[in-house]
Amino acid sequence: MTTLTEIKARARADAFAARAAAHARGQGQAAEILADYLAPHRNRPLSGYMAMRTEIDPLGAMTAHQGPVGVPVILGKGQPLRFREWAPGCALVEGAFKALIPAEGAWIEPEILIVPLVAFDARGYRLGYGGGFYDRTLEGLRARRPTLAIGFAFAAQELPEVPIEPTDQRLDAIVTEEGVREFA
């Protein structure tokens with residue numbers, strides 16, 4: 001019998017391979033498409049991320065955002081993310097999993113999150129790295145106020161169906177180099 005953990009591991013391996021191939025081809029105008037999608041949300045606190053390895057890079061959209069921008073900080077296993085304010089040129093240090101984070105700065109609470117992912121599907125579900133950080137974070141933020149979660153990925157990262165659990169949080173939209181899809 002195959003467990004959900006094994007199914008997710010297989011899906012991640014396939015998605016990582018697809019993402020690496022897409023990354024090698026380049027992300028085209030993806031960051032610009034993302035910036036255009038975010039434009040109506042100016043002045044609202046935004047969370048982006050510093051791309052690692054073959055992740056699609058949201059830096060252009062983060063830089064274009066007219067409002068506070070934060071970067072996720074992992075405080076510990078099983079905890080939700082916190083977001084440290086980021087600005088172009090700020091000093092960065094290596095955080096958990098070697099992700100770059102601002103060396104200092106205020107903590108912000110985003111209303112809009114650009115969410116990295118390994119895979120996504122047409123229902124709006126995402127497959128992350130397995131730590132549950134974004135699911136816990138989105139659950140907490142959404143309990144306090146409307147929170148927009150925008151997946152950012154290469155179109156090649158789409159799977160027919162992402163294996164999900166009851167704790168998985170859906171995305172509101174996905175932005176790829178091919179365009180935007182919103183989920184009801």
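## Proline 102, helix α2 and the aromatic contacts

Leaving aside its neighbours within four places in sequence, proline 102 is in contact with Val71, Arg84, Glu85, Trp86, Cys90, Ala91, Leu92 and Val93. The model in which these contacts occur is a predicted one. Proline 102 belongs to strand β5, and its relative accessible area of 1% makes it a buried residue, because buried means under 20%. Among its contacts is Arg84; the C-alpha atoms of proline 102 and arginine 84 are separated by 6.6 Å, although the two residues stand 18 residues apart along the chain.

Arginine 84 leads on to an aromatic ring. Its charged end sits over the ring of tryptophan 107, at 4.2 Å from the ring centre. A second arrangement of this kind involves arginine 170, whose charged end sits over the ring of tyrosine 125, 5.8 Å from its centre.

The next topic is the pairing of aromatic rings with one another. A pair of aromatic rings is described by the distance of the centres and the angle of the planes. How many aromatic pairs does a search of the whole structure find? The search finds 2. In one of them, the rings of phenylalanine 16 and tyrosine 129 have their centres 6.0 Å apart and their planes at 35°, so the pair is tilted. Phenylalanine 16 lies in helix α1 (residues 4-25), whereas tyrosine 129 lies in the loop between β9 (126-127) and α4 (133-144); the pair therefore ties together parts that are 113 residues apart in sequence. Phenylalanine 16 is partly exposed, with a relative accessible area of 32%, and tyrosine 129 is also partly exposed, at 38%.

The pair formed by phenylalanine 97 and phenylalanine 133 is edge-to-face, because the ring planes are at 70°, with the centres 6.5 Å apart. Phenylalanine 97 is in the loop between β4 and β5 and phenylalanine 133 is in helix α4, so this pair ties together parts that are 36 residues apart in sequence. Are the two partners buried or exposed? Phenylalanine 133 is buried, with a relative accessible area of 14%, while phenylalanine 97 counts as exposed at 59% relative accessibility.

Phenylalanine 97 also draws attention through its backbone. Most residues other than glycine have a negative phi. Phenylalanine 97, however, has a positive phi of about 55° although it is not a glycine. Asparagine 43 is likewise not a glycine, yet has a positive phi of about 75°. Asparagine 43 is placed in the loop between α2 and β1 and is exposed, with a relative accessible area of 59%.

The loop that holds asparagine 43 follows helix α2 and leads to β1. Which residues of helix α2 (residues 30-38) are buried? They are Ala30, Ala31, Leu34, Ala35, Tyr37 and Leu38. These residues cover an arc of only 160° around the axis, which puts them on the same side of α2. The elements against which they pack are β1 (46-47), α3 (59-64), β7 (112-115), β10 (148-152), β11 (173-176) and β12 (179-182). Thus β1, which borders the loop of asparagine 43, is also one of the packing partners of the buried residues of α2.

Terms used. Residues are numbered from 1 along each chain as its sequence is written. This is a predicted model: local features need pLDDT of at least 70, side-chain atom pairs count only at pLDDT 80 or more; totals for chains, interfaces and linings use all residues. Side-chain values use heavy atoms; hydrogens and water are left out. Buried means under 20% relative accessible area, exposed over 50%, partly exposed in between (1.4 Å probe, protein chains only). Helices (H or I, at least four residues) and strands (E, at least two) are DSSP runs, numbered from the N terminus. The arc is that of the directions from the helix axis to the C-beta atoms. Contact means heavy atoms within 4.5 Å. Rings of Phe, Tyr and Trp (its six-membered ring) pair if their centres lie within 6.5 Å; planes under 30 degrees apart count as stacked, over 60 as edge-to-face and the rest as tilted. A charge sits over a ring if NZ of Lys or CZ of Arg is within 6 Å of the ring centre and within 35 degrees of the ring normal.
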